[in-house]
Every structure is written in C-alpha cells, then in structure tokens.
Amino acid sequence: MSDIFDPISVESKYTSGVYYKRDVAIVRGKGVRVWDNKGTEYIDCVAGQGVVNLGHCHPKVVAAINEQSQKLLTCTEIFYNDTRAKLLDKLVSVLPQNLNKVYLCNSGAESVEAAIKFARLSTGKKEIIAAMRGFHGRTMGALSATWEKRYRQPFFPLIPGVKHVPYNKPQKIIDIISEDTAAILVEVVQGEGGVRPGDAEYLAHLRKLCDEKGCLLIFDEVQTGFGRTGKWFACQHYELEPDILTMGKAIAGGVPMGAVAVSECVHNLKPGTHGSTFGGNPLACAASLAAIEAYADEKLIERSCELGKYVREKIGCIDNSVIREIRGLGLMIGIELKTKVTPYLRALMANGVLALPAGPTVLRLLPPLVITKDELDQVVSIIEKVLNEGKNG
Ligand SMILES: Cc1ncc(COP(=O)(O)O)c(C=O)c1O
C-alpha cells in the first residue's frame, strides 16, 4: 500500500549521503536483539558501532533518562549540577588511578579534539605522533590523527605537526620523537584499523619514552572503554596509565557522550581554554551514571573477558581456509579473511546477524556484553555457514 511509511525511501531522499547504508530500517532494540520495520529480528553484533555494551534500552539507563528528563535536561557547565557531580565521582572510581580530572563532551571525536588541545596547552609543544591504521574520528583535529588516507586527503590541509608511524614498532617512534613532541596518541587495541591489540612491550615502551622526553601519552579508549576488552579500560590489561584517556561510545549506555580524563601531569586547563554547550548535560550524565553502575552490578566487565576467550576459541574451530587470523581482546573480535569482507557482512545480515567491517578484509564483532553463550554459539554457527557457502554478493 502506498500510504505505508517507508523509512528507507524517505531517509534516502534527505540523508546527506556520507554513509554507506545497509538496506534495512532498524526500529526497535532490546538487549542483544534489534528488529527492523518488517519485524525481522537480528542478533546485533554492531551494537551501534560498539555503543550498547549494556545491550539496547537497558532498563536502568531508560529509567535514569526518564527520571532526569522530568527534572532537568540541560545545564551548562558554567553551573554545578548534582547528577554531573555524581557521575564524575563514579567515573573517576573506575578510571586508571592517576586520572582524576575529567572534561565532558558529546562524542568520541570531540574527546580526541580536546585531548590534542590539552596536550598542546599543557606542554607548549606542537607535534602529535599517531599510528598507522589508527582511527580517532573525523573532525579536523581528530582526522589529522586518523591514518586512512581516503578519509583525510579530501580535507587537506589538516592540522600541522601530526606524524604517523607503524603501530607496534617502538623503534619508529624513537626515530622521530623530538623536542617539539607534545604527545603520542594511540589506541590500545586498534579498532577500525583491523582489531589489532597493542603489544605489551610496545605500549610500555611508549610510556617510558613519554616520561623520558617530557611529552604526554594519550590512549584513545573511545572504542575499547567500558568493558569492551574485558577490563574497564584496555590499558588496565597492561597495567599502564596514560596521561590523557579519551572516552565515548559506551560511556552512557547508548546516549551520545564523550569524555577526556587527565592526570596531574596535564597543566593549564584554565577557564576559557576549551568548552562545549552540551558537554556535561544532566541527561547524558544520568544515563552514564546508570550505565557505569549497571556494568559493575552485572559484572559485565568480567563477563566480556570470559566470553571473549570463549568465542575466539569457538571461531578458531571453524574449518575454513578463508580465515587468515582471529584477533581481539574481550568481546572486541576481529576475524581477518583472505578476501573482501563486504559480501559476508551482507550474507550474515540475511541470516539474522549484524556485524561490522574493520578495514576491507576484517569481520568485526562488537556484541553487547550481555550476550549469552548460546547467542554467541548461534553467531559462530551462522558465521561458519556463511563462510562455507562462500557467499559472494
Ligand atoms: C578509537 C576511536 N576514536 C574515536 C572515534 C570517533 O568517535 P565518534 O564517532 O563518536 O566521533 C572512534 C569511532 O569509531 C574510535 O573508534
């Protein structure tokens, strides 16, 4: 019938065009599952690109949003606020111990922008060393640190002074670090760049190098934070403390939010040096407070660690030569294929599983941490089926 509302055609008419869109309209979510407008159910291993670690519409987050929305939606940070204060106290309690000041914003890229500004402000130096295959977002500063050329090139000139070196290769950084280096900025596990965990020695080396050279170590934990890798923050696997840590995605259980935590080594964050109208708004703070409490109460961090090992072992049992390598930490999982991943993503969707790419050949799974072993078994057997069928379009 022509009068049935079709979100796909309406959205297609007006959308900017900057996204690769899949031919499905998701209209509802609960826990690990989402449904499209035709009632088809999916196991959601996209999770809003690693946002809903708690599962969709977690009841505690929903209740907190409801409650806060009756009280106060917005409150600029020029005023203090009760909900924000409670969140800051809670957030600092789960962060690495040395990080005890927090700037609140609205997205991952914004948190990286702030981190770059804070590093320059604090050190009075200009250069940022970032990693090849790193992804830090798409605003101009964050984009300057992002590696992928096709994201960056159309927007040159970006901010000057950002250098890229191979990941997991300490010598390359030793070769280029200078008196003017403000910070080294890396992901602890590269996400978009193919789900590549940092080597312990490499990350420890970065810490040592920053201490020796008087520059700051920034860990971008936008994707790896809040239990995704089986610790609150991935750097806690390595017992390493950065000077600056960026957050986003899962920080507020599905509500847009970002944050930057800094140590006492970061100076000069004086009034007027940075800010955001919506940063620290009570609605997002209420959601984040409820989310952090739920991660802890439901032991989801430990669960991510345990289920991550379980599912990687299961995937390892798939007997198909198209798999080159299985990588990951906790429930951040990458399956590198010997061929392009897109046809397999389509085939998975047709079989009721939503998954992500991480570069052209890596199949990435970021399931909500509330996923069960049964559901993971289901996901693995559908992956196996799809790989065996060798779907190509
Ligand atoms: C490590 C990392 N940093 C920054 C970002 C940018 O976050 P956002 O898309 O919220 O701006 C992302 C997004 O995928 C990310 O994975």
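This briefing describes the surroundings of the ligand, two groups of strands and a few residues with uncommon backbone geometry. The model is predicted. The ligand is surrounded by a shell of three nonpolar, five polar and four charged residues, and one member of that shell, Asp220, also belongs to strand S10, whose five residues are all buried.

**The ligand and its shell**

- The residues around the ligand are Ser107, Gly108 and Ala109, then Phe135, His136 and Gly137, and further along the sequence Glu187, Glu192, Asp220, Val222, Gln223 and Lys249.
- Two backbone contacts involve oxygen atoms of the ligand: an oxygen atom of the ligand is 2.9 Å from a polar backbone atom of Gly108, and an oxygen atom of the ligand is 2.8 Å from a polar backbone atom of Ala109.
- On the side-chain side, an N or O atom of Asp220 lies 2.7 Å from a nitrogen atom of the ligand.
- Taken on its own, the ligand has 390 Å² of accessible area, and the protein covers 81% of this area.

**Strand S10 and its partners**

- Strand S10 spans residues 216-220, and because five of its five residues are buried, the strand is largely enclosed by the rest of the structure.
- Both faces of S10 are covered, with Leu216, Ile218 and Asp220 buried on one side and Leu217 and Phe219 buried on the other.
- Strand S7, made of residues 181-187, pairs with S10 in the parallel sense over five bridges, and within this pairing Leu185 stands opposite Ile218 of S10.
- Strand S11, made of residues 244-247, also runs parallel to S10 and is joined to it by three bridges, with Leu245 in S11 as the bridge partner of Phe219.

**An open sheet of four strands**

- Four strands in the order S1-S2-S3-S15 form an open sheet whose pairing is mixed.
- Strand S1 (26-30) and strand S15 (353-354) stand at the edges of this sheet and have a single partner strand each, so one side of each is left without a neighbour in the sheet.
- The partner of S1 described here is strand S2 (residues 33-36), and these two strands pair in the antiparallel sense over four bridges, with Arg33 in S2 as the bridge partner of Lys30.

**Backbone geometry to notice**

- Most residues other than glycine have a negative phi, and most peptide bonds are trans.
- Ala47, although it is not a glycine, has a positive phi of about 50°; this residue is found in helix H2, which covers residues 47-50, and Ala47 is buried, with a relative accessible area of 0%.
- Asn268 likewise has a positive phi, near 70°, and is a residue other than glycine.
- The peptide bond from Phe156 to Pro157 is cis, with omega near 0°, and Pro157 lies in the loop between helix H7 (149-152) and strand S6 (162-165).

**The surroundings of Asn268**

- Asn268 lies in the loop between strand S12 (258-262) and helix H10 (282-297), and it is partly exposed, with a relative accessible area of 33%.
- Leaving aside its neighbours within four places in sequence, Asn268 is in contact with Leu121, Ser122 and Thr273.
- For Leu121, the backbone oxygen lies 3.0 Å from a polar atom of the side chain of Asn268.
- Asn268 and Ala119 are 149 residues apart in sequence, while the C-alpha atoms of these two residues are 9.8 Å apart in space.

Key. Residues numbered from 1 in each chain as written. Predicted model: local features only at pLDDT ≥ 70, side-chain atom pairs only at ≥ 80, totals over all residues. Heavy atoms only, no water. Near = heavy atom within 4 Å. Polar contact = N/O pair within 3.5 Å; in protein donor to acceptor, adjacent residues only side chain to side chain. Areas by Shrake-Rupley, 256 points an atom, 1.4 Å probe, with all protein chains shown as cover. Nonpolar A, V, L, I, M, F, W, Y, C, P; charged D, E, K, R; others polar. Buried < 20%, exposed > 50% of the residue type's maximum accessible area, 1.4 Å probe, protein only. Pairing = 2+ DSSP bridges. Contact = heavy atoms within 4.5 Å.
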